[in-house]
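Please open the model in your viewer and keep the sequence panel visible. The tour proceeds by selections, each followed by a short account of what is found there.

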Amino acid sequence: EDYAAVIKNVKQYLYVVSVPCFFAGFAFVFEFALRGLGDGAAPMVAGIVELLVKISIAYFAAFVLKSVIGMWFAWPSAYAVSGIVAMLR
């Protein structure tokens, strides 16, 4: 069995997803701060935007680019966009 290929894919995944982890923290800080301040609309919009960005990038990467690595970029990109949306509120 080809464990080397699995290990290679896991390493690539971890490099893509773990390095920009601060985007998730960035988004969480703004969204949860707004929730704590009583604003429920902005975090809801940011969450919807996050979901749409994640689905769009993953779909494009999977079906248009035929790239597994491209799908992994959906996660940090979605958090970056949702953090920006929450911050602009």
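The stops below begin with the whole chain and then turn to single residues.

**Before starting**

This is a predicted model, in which local features need pLDDT of at least 70 and side-chain atom pairs count only at pLDDT 80 or more, whereas totals for chains, interfaces and linings use all residues. Residues are numbered from 1 along each chain as its sequence is written, and side-chain values use heavy atoms, with hydrogens and water left out.

**Stop 1: the whole chain**

Display the chain as a cartoon. It contains 5 helices and 0 strands; helices (H or I, at least four residues) and strands (E, at least two) are DSSP runs, numbered from the N terminus. Read from the N terminus, the order of elements is α-α-α-α-α. The radius of gyration of the chain is 15 Å, well over the 12 Å that the globule rule gives for 89 residues, so the chain is more spread out than a compact globule. That radius is taken over C-alpha atoms, and the rule is 2.2 Å times the number of residues to the power 0.38. Along the principal axes, the C-alpha atoms fill a box of roughly 55 × 25 × 15 Å.

Now switch to a surface. The accessible surface of the chain is about 5,900 Å², with 74% of it belonging to carbon and sulfur atoms; the areas come from the Shrake-Rupley method with a 1.4 Å probe, and for residues only the protein chains shown count as cover. Of the 89 residues, 27% are buried (under 20% relative accessible area; exposed is over 50%, and partly exposed lies in between, with a 1.4 Å probe and protein chains only). Among contacts (heavy atoms within 4.5 Å) with a separation of 6 or more, 72% join residues 24 or more positions apart.

**Stop 2: Ser82**

Select Ser82 in helix H5, residues 74-88. Is Ser82 buried or exposed? Ser82 counts as buried, because its relative accessibility is 0%. Show the neighbours as sticks: leaving aside residues up to four places away in sequence, Ser82 touches Ala27, Glu31, Ala46 and Glu50. A polar atom of the Ser82 side chain also lies 3.2 Å from the backbone oxygen of Tyr79.

**Stop 3: Asp39**

Move to Asp39, in the loop between helix H2 (22-36) and helix H3 (41-64). Which backbone nitrogen does the side chain of Asp39 reach? The side chain reaches that of Ala41, at 3.2 Å. With residues up to four places away in sequence not counted, Asp39 touches Leu34 and Arg89.

**Stop 4: Lys66**

Select Lys66, in the loop between H3 and helix H4 (68-72). Lys66 is exposed, with a relative accessible area of 65%. Inspect its backbone as well: phi of Lys66 is near 55°, a positive value in a residue other than glycine. Most residues other than glycine have a negative phi.

**Stop 5: two distances**

Select Tyr59 in helix H3, which counts as exposed at 51% relative accessibility. Draw a line to Asp2: the two are 57 residues apart in sequence, and their C-alpha atoms are 27 Å apart in space.

Finally, select Ala33 in helix H2. Ala33 is partly exposed, with a relative accessible area of 38%. How many ångströms separate the C-alpha atoms of Ala33 and Tyr3? The separation is 43 Å, for residues 30 apart along the chain.

Terms used. A polar contact is a pair of N or O atoms within 3.5 Å; within protein, one must be able to donate a hydrogen and the other to accept it, and residues adjacent in sequence count only if both atoms are side-chain atoms.
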